[in-house]
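User: Hey, I'm new to this one. Can you walk me through how the protein meets the DNA?
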Protein chains: 2
Amino acid sequence: MATLKDVAALAGVSVKTVSNVVNGYAFVKPDNRRRVEEALVATGYRPNLGARNLRRGRTGSLALVVPELGIPYFAELAGLVLRAARAHDWNVLIQQTLGTREGEREALAALGPHVVDGAVISPEALRGTDFAGVSGPLVLLGEHPLDLPLDHVGIDNVEAARTAVRHLLDLGRRRIAAIGAHPDRATAAQRLRGHREALADAGLTGPVASVEHYHRRDGAAAMAALLDSPEPPDAVFCFNDLLAAGALRAAADRGVRVPGDVAVVGFDDDEAGAYGSPSLTTIAPDKAGIARAAVDLLRERVDGRDLPPRRVRTPFRLRIRESTVG
Amino acid sequence: MATLKDVAALAGVSVKTVSNVVNGYAFVKPDNRRRVEEALVATGYRPNLGARNLRRGRTGSLALVVPELGIPYFAELAGLVLRAARAHDWNVLIQQTLGTREGEREALAALGPHVVDGAVISPEALRGTDFAGVSGPLVLLGEHPLDLPLDHVGIDNVEAARTAVRHLLDLGRRRIAAIGAHPDRATAAQRLRGHREALADAGLTGPVASVEHYHRRDGAAAMAALLDSPEPPDAVFCFNDLLAAGALRAAADRGVRVPGDVAVVGFDDDEAGAYGSPSLTTIAPDKAGIARAAVDLLRERVDGRDLPPRRVRTPFRLRIRESTVG
DNA sequence: CGGACGATTTACAACGTTGCATTCCCGGTA
DNA sequence: TACCGGGAATGCAACGTTGTAAATCGTCCG
């Protein structure tokens, strides 16, 4: 592999002059510049990023920490972060936590200060104290009750959940269940609160189903239990589209009609939901906006130093489809 | 950030002795070892991977190049590669190509020899010549007609496609369409060949629908066209599960029953297919096996040098669900 | 007691790059 | 002619780590 030294030898100039050309330094005699450029091409020179970053104190990569790429929402988000990062000449290094506190702590620890310039992390189960030893710039995805001096990007989960439940109320549904409660997950708590509040505004309450994971399997099991209960719901609000997909399947298995007997609302706007039968009404966050905002915030924090912690609220909308209005 | 020098000063030994302790060198006096270890803890030392890799000539990361994380198959595969790579202490840096030749060439170029130790790439549209300038160890996912001295991992696409179509023939279907032909994509060609051959064995032919992308939208459009044609098929074999999802939706929109009027088979075994209504019969590749094999091959190639190009054939199975046997 | 030998530690250089300070060269000016 | 200023090029050091070879130490053997 060609180094600056090789190029310099070929062009008959010093290493530093080659470096200057590579870095676009203005004061290089046109003649030398030309010779260097030819030598660069001839040798196929590529800067050794390791060395450059060692010198510059940057790594040129950013970490993206998500629970699982198998979850469409995070896969899609990861793709968008990749795209946003490329605009900043950042490479992206992805880590999966499986949504466990242990996995998230590992990820934070592994992100030694020298392996990435910063991280975008979507924590599910972390406690405030877990961030104690963290060094580099960090941007959190999603709202969190953690009172940390960190940047946040995310939608208003309480309001989004209220929107979803109000939609069901507007359709005349009165027994509206929630699927997706989880003891350790911050977003679950917020969506649950939105559900409870919207119902309370109408003088109602509704059953709540907890899940272990946010997978289709869990949604199906929860829905089955609800439908088999003495007072089955006439609508369910699922905390993500995977749970909703499972719920729809469980309803179909029991011959329960959607939306006739039960209306279903999801959360995340996975593309799959638009193509299912019935298609899924869902809360659609602005994923591209989230990705862009997260990367932009991280860039600013990596560049400048003394910024106050910021929160970016990204918009969402309710996408109404067949699972609520057949 | 603490460096070896800081630790050495604190422990009262030379930098190299600290390095030796960090790297588990055997001959360090117990007393010194203890002092160094205490100093390591006290300073919170983390090796500077940039510097270490510069010295060792390794980067500690591997690149995974896929068309798009929004496609569930690649998202799932990426997750599995992440997991497999962690077992080798590799970080994974993901690049999206959007399935275009340009994107794939860019990815190859960006993978300078110094940014990753090697790459696992899932090429769709690359020509053999595009690999000319490529330096580092490379493992290709999927079969390719390219006659390159590179490692390959993948299933036998022709045989998988034959299996899918034979299944439809066994069910008595006689007009079996294929959805997913594409001029530039190697895997499309192979699945198409399997389709054609299986039909030929039964003395039949079937319509073929080309698509621009492998997305649900394209599957829906292709299916709509087939169903509206003068001789609609009684079965379709889709080259991936997204196309199949679109096809199912198009059928539902037209009141065409699946599998009553048309049977549908997909490819990839996305988890979504198991939960749809109807659930989707599909070819299920051993994704975890593919991920593991790819990373293992890459590891061997990074370690040793003079290996012949290898091909690993991973198994697949036909997963029969409601879309073919209601 | 001298030397040999292995255990242990260390100094030094190098990986490839870039910031800094220096040097060199030129025309223009006093 | 001596000096000045800025363009242009360069040498040197350093980023943090580790391989190599050499230095140091102690102990065992003859």
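User: Which element gives the largest share of the surface near DNA strand D?
Analyst: That's H4(B), with 5 residues. Keep in mind that this is a predicted model.
User: Ok, and how many residues are around DNA strand D, and which come nearest?
Analyst: There are 26 around DNA strand D, and the nearest are A:Thr17, A:Asn32, B:Leu4, B:Tyr45 and B:Arg55. Of the strand D atoms that come within 4 Å of the protein, sugar and phosphate make up 69%.
User: What lies 3.0 Å from a phosphate oxygen of DNA strand D?
Analyst: A polar side-chain atom of B:Ser19. Backbone atoms show up too: a polar one of A:Lys29 is 2.9 Å from a phosphate oxygen of that strand, and a backbone N or O atom of B:Asn48 is 3.1 Å from a phosphate oxygen there.
User: How do the residues near strand D divide up by class?
Analyst: They split into 10 nonpolar, 8 polar and 8 charged.
User: Switching to DNA strand C: which residues are closest?
Analyst: Out of 26 surrounding residues, A:Leu4, A:Tyr45, A:Arg55, B:Thr17 and B:Asn32 are the closest. Sugar and phosphate account for 68% of the strand C atoms within 4 Å of the protein.
User: What does A:Lys16 have a polar side-chain atom close to, at 2.9 Å?
Analyst: A base nitrogen of DNA strand C. B:Ser14, on the other hand, has a polar backbone atom 2.9 Å from a phosphate oxygen of strand C.
User: And which element gives the largest share near strand C?
Analyst: H4(A), which gives 5 residues.

Technical notes: Residues numbered from 1 in each chain as written. Chains lettered and ligands numbered in written order. Predicted model: local features only at pLDDT ≥ 70, side-chain atom pairs only at ≥ 80, totals over all residues. Heavy atoms only, no water. Near = heavy atom within 4 Å. Polar contact = N/O pair within 3.5 Å; in protein donor to acceptor, adjacent residues only side chain to side chain. Helix = DSSP H or I, 4+ residues; strand = E, 2+ residues; numbered from the N terminus. Nonpolar A, V, L, I, M, F, W, Y, C, P; charged D, E, K, R; others polar.
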